[in-house]
Amino acid sequence: MGFVWNEREILRYLGHRGQEVPENLMILIRGCEQELEDVAAPRAFWREYPLQIRDHVLDLGCFQTESRNLERNLKDCERVLLLGATLGSGVDRLLKRYGRLEMSRAVVLQAASAAMLETFCDEQNETLKQEYLKKGWYLRPRFSPGYGDLKLECQGPLVAALELSKRIGVTLTDSLLMAPSKSVTAIIGASRLPKDCTVHGCESCAKTDCLYRRQSAGQ
């Protein structure tokens with residue numbers, strides 16, 4: 001598969017904050033990376049919709065919601081891209097197996113698969129960014145349900161609008177959990193006005209005390 005790993009992200013998910021990383025942990029991480037490459041089947045699907053914002057109500061074409069954080073993110077945007085992505089059910093089976101057999105490895109696999117999904121989404125984001133730039137559109141950072149004040153309940157209409165069950169095999173449980181578990185939905189604004197698109201979810205999220213928050217430069 002030749003996946004390009006971001007081991008800094010894996011360590012972040014494991015709770016590391018710049019301290020020295022033991023050699024045995026790095027060996028374990030790289031073993032987990034190989035296992036994930038063997039079973040993961042990353043897939044993504046997206047659709048474009050018109051965007052209207054009136055009285056703080058965001059009309060995303062296929063559903064409406066309110067979120068001050070997302071509204072700021074979509075300032076000056078005329079359209080949105082709705083994105084769904086997954087690593088596939090093979091990753092879930094691997095996590096379940098090690099959850100029974102070797103908990104320490106299961107913990108590292110959880111962190112590595114979360115980082116893998118994030119990197120895959122970054123790659124999809126960059127492809128879309130370049131594609132839309134050619135058409136004169138500038139993309140804003142992707143924003144997912146659960147970030148800031150954007151309610152997790154938005155998962156439902158996003159999954160339905162994108163037909164994710166049919167397109168990439170992703171469904172939603174009654175408790176709003178995605179299956180396969182290493183799956184995500186996101187909203188990406190498109191504007192005619194240029195603006196840097198480098199901010200990821202952590203920097204967009206208001207939950208500054210989160211254990212897994214990505215540290216910005218200088219912190």
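Which helix holds both R12 and E9, and how many residues apart are they? Keep that in mind as we walk through this predicted model.

**Start with the whole chain.** Show the protein chain as a cartoon and you should find 8 helices and 9 strands. Now colour by burial: of its 219 residues, 46% count as buried. The chain exposes about 11,500 Å², and carbon and sulfur atoms supply 50% of that area. If you draw a contact map, look away from the diagonal: among contacts with a separation of 6 or more, 74% join residues 24 or more positions apart.

**Next, turn on the charged side chains.** The salt bridges come to 10. We will visit some of them, beginning with the opening pair.

**Select R12 and E9.** Both sit in helix α1, residues 7-13, and they are 3 residues apart, about one turn of the helix. Their side chains meet in a salt bridge, with an N to O distance of 2.9 Å. Is this pair buried or exposed? R12 counts as buried because its relative accessibility is 7%, under the 20% cut-off. E9 is buried too, with a relative accessibility of 7%.

**Move on to E35 and R105.** Here the side chains form a salt bridge at 2.7 Å, N to O. Zoom out a little to see what they connect: E35 belongs to helix α2 (residues 23-39) and R105 to helix α5 (residues 103-133), so this pair ties together parts that are 70 residues apart in sequence. Switch to a surface view and check each partner. E35 has 17% relative accessibility and counts as buried, while R105, at 15%, is buried as well.

**Stay with helix α5 and select E118, then R142.** This pair links distant parts of the chain, since E118 is in helix α5 and R142 is in the loop between β6 (138-139) and α6 (155-161), 24 residues apart. The closest N and O atoms of their salt bridge are 3.2 Å apart. Both ends are buried: E118 has a relative accessibility of 14%, and R142 has 9%.

**Finish with a group rather than a pair.** Which residues are joined into one network by salt bridges that share partners? Select R47, E163, K166 and R167 together, and you have that network on screen.

**A last look back.** With the selected pairs still displayed, compare their settings: R12 and E9 share helix α1, E35 and R105 bring in helices α2 and α5, and E118 and R142 connect helix α5 with a loop.

Key. Residues numbered from 1 in each chain as written. Predicted model: local features only at pLDDT ≥ 70, side-chain atom pairs only at ≥ 80, totals over all residues. Heavy atoms only, no water. Helix = DSSP H or I, 4+ residues; strand = E, 2+ residues; numbered from the N terminus. Buried < 20%, exposed > 50% of the residue type's maximum accessible area, 1.4 Å probe, protein only. Contact = heavy atoms within 4.5 Å. Areas by Shrake-Rupley, 256 points an atom, 1.4 Å probe, with all protein chains shown as cover. Salt bridge = Lys/Arg side-chain N within 4 Å of Asp/Glu carboxyl O.
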